[in-house]
Amino acid sequence: LPRLDGSTINFEVCSDQPGDDSPVPFSFLNDEPKIQGDQMPCYMTRTNEKTHQIVVDSLHLNKHVREEVKGPRYCPSIESKVLKFGHRSHQVWLEPEGRRTKTIYPQGLSCTMPEEVQLQMIQSVRGLENVVITQPGYGVEYDFIDPRQLRPSLETKRIKGLFFAGQINGTTGYEEADRKSG
């Protein structure tokens, strides 16, 4: 996903998405979240017809969407969402990356198009018309291990003592993050 300079976003035209009043931890091993206190605000905006047209017009530049790259996938890209569900707008969650940075994570805009096209596409979204991209999005090509070749411990059946975790197992990574939080 690209990263955005939060000081260049017009949050006033976005929907405020406050955190839960009583946050619940991801792990059942904890009674309450480790981090307490003020939660940082998140915001939501949506793609539109102009956003979708920019995506469609740039598909020839994207080898991931043209399916030249094979293997496991993770969160769907904006290109995939527009191709499959172009008749509707898509949510874009604007999430701060931390308390000491202005960097915003635009959840929902995962993409692998060229940087100049990313800027056009992102600036077509309401509230992001003047946004500055601090880090462009990029595509990752990777192979995967056939899960049938793994023991429940994630050790390979072929090589004793060799363990695999993450996307190489065809997972999203959320599974391993869940294990680390417990």
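Student: What makes Arg151 count as partly exposed?

Tutor: Arg151 has a relative accessible area of 39%, and since buried means under 20%, exposed over 50% and partly exposed in between (1.4 Å probe, protein chains only), Arg151 is partly exposed. This is a predicted model, in which local features need pLDDT of at least 70 and side-chain atom pairs count only at pLDDT 80 or more, while totals for chains, interfaces and linings use all residues. Residues are numbered from 1 along each chain as its sequence is written, and side-chain values use heavy atoms, with hydrogens and water left out.

Student: Why is Glu155 called buried or exposed?

Tutor: Glu155 has a relative accessibility of 12%, so Glu155 counts as buried.

Student: What makes the meeting of Arg151 and Glu155 a salt bridge?

Tutor: The term asks for a side-chain nitrogen of Lys or Arg within 4 Å of a carboxyl oxygen of Asp or Glu, and the side chains of Arg151 and Glu155 meet at 3.8 Å, N to O, so the pair is a salt bridge.

Student: What makes Arg3 and Glu97 a salt bridge, N to O?

Tutor: Their side chains meet at 2.4 Å, N to O, and therefore satisfy that rule. Arg3 lies in strand 1 (residues 3-5) and Glu97 in the loop between strand 4 (91-96) and strand 5 (103-107), so the pair ties together parts 94 residues apart in sequence; strands here are DSSP runs (E, at least two residues), numbered from the N terminus.

Student: How do you know whether Arg3 is buried or exposed?

Tutor: Arg3 has a relative accessible area of 19%, so Arg3 is buried, whereas Glu97, with 42%, is partly exposed.

Conventions:
Helices (H or I, at least four residues) and strands (E, at least two) are DSSP runs, numbered from the N terminus.
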